Amino acid sequence: MIKTITNEQSSEADAAKDLESLILKENEYFKHADDVDISIIPSVQCFGQNPRDVDIVFLMYDKRQEERLLQSTKNNKIIRSLCVTIEVKNHSGDAVKFEGNKCYVKYKDKWHDVTSQSEKQKYSFRKYIEQNSSAELPWADNIIWLRNVLKSNGPK
């Protein structure tokens with residue numbers, strides 16, 4: 001089952017609901033499946049960490065039997081669980097630039113390094129879990145979601 005966990009009105013909550021819709025558009029199975037849990041959590045606060053704010057945390061756990069598990073297209077690896085921090089940017093294409101492996105967005109007249117921000121959020125989330133839970137520390141990855149940038153305007 002897929003669920004967006006929020007009761008707030010914010011751009012992060014809107015993005016989380018849009019992400020849920022995009023997933024369901026690609027695969028209706030997740031709407032009522034009880035053997036795959038997907039949680040999309042916007043505006044996560046990792047108190048005591050820097051940075052504290054994470055726009056969206058995406059969690060997935062696949063409880064299906066081996067032959068029915070999700071498989072990645074690269075190397076045909078089986079994906080049983082997934083934890084991703086998502087930095088959401090609503091900037092238009094002219095306010096986004098790429099230099100090498102870095103992504104920057106423009107705020108007023110200054111360029112902000114979103115790649116470093118996103119990377120730091122991943123570690124803030126992991127550190128927060130480590131300090132506040134007895135749960136096994138998840139492997140987490142991070143992505144930047146440029147909602148208003150066409151793929152053709154992305155890095156080459």
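1. Contact here means heavy atoms within 4.5 Å. The structure under discussion is a predicted model. Leaving aside neighbours within four places in sequence, Glu87 is in contact with Asp55, Val114, Gln117, Ser118, Gln121, Ile143, Ile144 and Trp145.

2. Glu87 belongs to strand 6, which spans residues 81-92. The residue has a relative accessibility of 1% and is buried, because the threshold for that class is under 20%. Its side chain makes a polar contact with the side chain of Lys89, at 2.8 Å.

3. The sheet that contains strand 6 is open and consists of five strands in the order 1-2-3-6-10, with mixed pairing. Its edges are formed by strand 1 (2-4) and strand 10 (141-148); each has a single partner strand, so one side of each has no neighbour in the sheet. On average, and ignoring direction, neighbouring strands of this sheet are turned by 25° against each other.

4. Within this five-strand sheet, strand 3 (residues 53-62) pairs with strand 6 in the antiparallel sense, over six bridges. As one of the bridge partnerships, Val57 is matched with Thr85 of strand 6. Helix 2 (residues 114-132) packs on the sheet and touches strand 2 (36-45), strand 3, strand 6 and strand 10. The direction of helix 2 makes about 145° with that of strand 6.

5. A further open sheet is built from three strands in the order 7-8-9, and its pairing is antiparallel. Strand 7 (96-99) and strand 9 (110-113) lie at the edges; each has a single partner strand, so one side of each is left without a neighbour in the sheet. Here the average turn between neighbouring strands is 35°, direction ignored.

6. In the three-strand sheet, strand 7 and strand 8 (residues 102-107) are paired in the antiparallel sense through four bridges. Val96 has Val105, in strand 8, as its bridge partner.

7. How many disulfides does the model contain? The count is zero, where a disulfide requires a pair of cysteine sulfur atoms within 2.5 Å. Cys46 is accordingly in no disulfide, and the nearest cysteine sulfur, that of Cys83, is 10.0 Å away.

8. Are Cys46 and Cys103 buried or exposed? Cys46 is buried, because its relative accessibility is 0% and the limit for the class is under 20%. Cys103 is likewise buried, with a relative accessible area of 4%.

Notes. Residues are numbered from 1 along each chain as its sequence is written. This is a predicted model: local features need pLDDT of at least 70, side-chain atom pairs count only at pLDDT 80 or more; totals for chains, interfaces and linings use all residues. Side-chain values use heavy atoms; hydrogens and water are left out. Buried means under 20% relative accessible area, exposed over 50%, partly exposed in between (1.4 Å probe, protein chains only). Helices (H or I, at least four residues) and strands (E, at least two) are DSSP runs, numbered from the N terminus. A polar contact is a pair of N or O atoms within 3.5 Å; within protein, one must be able to donate a hydrogen and the other to accept it, and residues adjacent in sequence count only if both atoms are side-chain atoms. Two strands pair if DSSP finds at least two bridges between them. Axes are lines fitted to C-alpha atoms, for helices over the stretch in contact, and angles run from 0 to 180 degrees between N-to-C directions.
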